[in-house]
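Colleague: I am new to this one. Could you show me how to read its features, one at a time?

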Amino acid sequence: MEWLGDKRLLLIMDNFEHVMDSTDIISNMLAAAPQVKILVTSRNMLRLQEEWVRQVGGLLYPDDAASPMSSRYSAVRLFVERARQKRGDLHPDNDYEAIVRICQLVEGMPLALELAAGWVEALSCAEIAAELQNNIAMLTARAHNISPRHQSIQAVFDHSWQWLTDQEQSVMRRFAVFRGGCTRDAAEQITGANPPLLAELVAKSLLRHDAETGRYDVHELVRQYAAEQLEAHGETETAHQAHSAYYADFLHKQWDQMRTARQVAALDRIEAEFENVHVAWQTMVEQRHAALIDDMY
């Protein structure tokens, strides 16, 4: 504190989530050294009144494979660079569609891109993309000199998961049934969450909230991890039944609106929930829930 007192500098603290019990030291530093600015990276918000929060997403990637190869897509650049360490003969132009799909599946997450690239010596880019659809276990380091917490995506998520309360874990498990995000009402009805719980999960970087649309969603890799936890707790069928019942009722309400002047608004709501409706329909058909299908109309 004495050394910082008269300094004018930027102090950077990376990965602060590992020492969350020590957040007071930041307040003390700022009080002792008014000309010091502190930049903190953390998966958890610090909950300090001096804190200004900025969310950080993944690297930039194309919306679709029709986008031309471009150096501005940092996710593509990172994957190609790491893949060429393993396979010097890799020609990204030939695998561009699959590379874009990999970047989309991991949503530009740098560690996931590096781990995925490690498989190019054994699998084609198309095969890596296909595996990533439902198997985050493949995102494991193949080099031996990597720190344990970066050995796999599973290890990263395990660390975040252990800091959740039992209630928070229960809510996150049930978020695995959603596709394309959900409204607050759907989250509360299907996961049992309340506003404070949702806010806490956003603060811990496990949920994302779009202030413009009011929707919540999770990173696809987090969703896959939560789905594994849901299966491990034997809750998959129950969660999907709750999801199906909610969206059967949702569609029934929109059908009523389709007969009124509010038809366009109803169609917009259906479009926003299309992926959820699709998953709910598949569940109803697979589990032969004829009554729920009737409830849709």
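Modeller: Start with Arg-47. Arg-47 sits in the loop between β2 and α2 (74-86). Keep in mind that this is a predicted model.

Colleague: What is the phi of Arg-47?

Modeller: Phi of Arg-47 is near 60°. That is a positive value in a residue other than glycine.

Colleague: Is Arg-47 buried or exposed?

Modeller: The cut-off for exposed is over 50% relative accessible area. Arg-47 has 51%, so Arg-47 counts as exposed.

Colleague: Which other loop residue should I look at for its phi?

Modeller: Look at Asn-15. Its phi is near 55°, again positive in a residue that is not glycine. Asn-15 belongs to the loop between β1 (9-13) and α1 (24-32).

Colleague: How is the accessibility of Asn-15 read?

Modeller: Partly exposed covers the range between buried, under 20%, and exposed, over 50%. Asn-15 has 25% relative accessibility, so Asn-15 is partly exposed.

Colleague: Now salt bridges. How many salt bridges does a search of the whole structure find?

Modeller: The idea is a Lys or Arg side-chain nitrogen within 4 Å of an Asp or Glu carboxyl oxygen. Searching the whole structure gives 15 salt bridges.

Colleague: Where do Lys-253 and Asp-249 lie?

Modeller: Both are in helix α11 (residues 236-258). They are 4 residues apart, about one turn of the helix. Their side chains meet in a salt bridge, at 3.1 Å from N to O. Lys-253 is partly exposed at 47%. Asp-249 is partly exposed too, at 36%.

Colleague: Which residues do salt bridges with shared partners join into one network?

Modeller: Arg-47, Glu-168, Glu-200 and Lys-204 are joined that way. You met Arg-47 already, in the loop between β2 and α2.

Colleague: What is the N to O distance between Arg-87 and Asp-89?

Modeller: The distance is 3.2 Å, and the two side chains form a salt bridge. Arg-87 has a relative accessible area of 24%, which means partly exposed. Asp-89 is partly exposed as well, with 49%.

Colleague: And Asp-217: which residue does its side chain meet in a salt bridge?

Modeller: Its partner is Arg-208, at 3.1 Å from N to O. Asp-217 is partly exposed at 26% relative accessibility. Arg-208 is partly exposed at 31%.

Colleague: Let us turn to the surface. Which residues make a nonpolar patch?

Modeller: A patch joins nonpolar side chains within 5 Å, from residues with over 30% relative accessible area. Here Leu-10, Ile-12 and Leu-39 make a nonpolar surface patch of about 300 Å². Take Leu-39 as the example. Leu-39 is in strand β2 (residues 36-40). With a relative accessible area of 45%, Leu-39 is partly exposed.

Colleague: How do I read empty space?

Modeller: Rolling a probe the size of a water molecule over the atoms shows where empty space is left. In this structure, the search finds 2 cavities of 30 Å³ or more.

Colleague: What lines the largest cavity?

Modeller: The largest cavity holds about 60 Å³ of space. Its lining includes Glu-17, Arg-43, His-159, Trp-163 and Lys-204. Lys-204 also belongs to the salt-bridge network with Arg-47. By class, the lining has 3 nonpolar, 3 polar and 3 charged residues.

Colleague: What classes of residue line the second largest cavity?

Modeller: That lining has 5 nonpolar residues, with no polar and no charged ones. The residues are Phe-157, Trp-161, Leu-206, Val-222 and Tyr-225. Helices α6 (153-161) and α10 (220-232) each supply at least two of them. The volume is about 30 Å³. Leu-206 is also among the residues lining the largest cavity.

Colleague: Last, pockets. What is the volume of the second largest pocket?

Modeller: A pocket is open, whereas a probe in a cavity cannot get out. The second largest pocket has a volume of about 460 Å³. It is lined by 18 residues, and the closest to its centre are Glu-107, Arg-179, Gly-180, Glu-220 and Glu-275.

Colleague: Which elements give two or more residues to that lining?

Modeller: They are α3 (96-105), β4 (216-217) and α10. The largest share, 3 residues, comes from α3. By class, the pocket lining has 5 nonpolar, 5 polar and 8 charged residues.

Conventions
Residues numbered from 1 in each chain as written. Predicted model: local features only at pLDDT ≥ 70, side-chain atom pairs only at ≥ 80, totals over all residues. Heavy atoms only, no water. Patch = residues over 30% accessible without salt bridge, like charges linked within 9 Å, V, L, I, M, F, W, Y side chains within 5 Å. Areas by Shrake-Rupley, 256 points an atom, 1.4 Å probe, with all protein chains shown as cover. Buried < 20%, exposed > 50% of the residue type's maximum accessible area, 1.4 Å probe, protein only. 1 Å grid on protein atoms, 1.4 Å probe; cavity = no way out; pocket = protein on both sides within 12 Å on 5 of 7 lines; lining within 4 Å. Points joined across faces, edges and corners; volume = space filled by probe spheres on them. Nonpolar A, V, L, I, M, F, W, Y, C, P; charged D, E, K, R; others polar.
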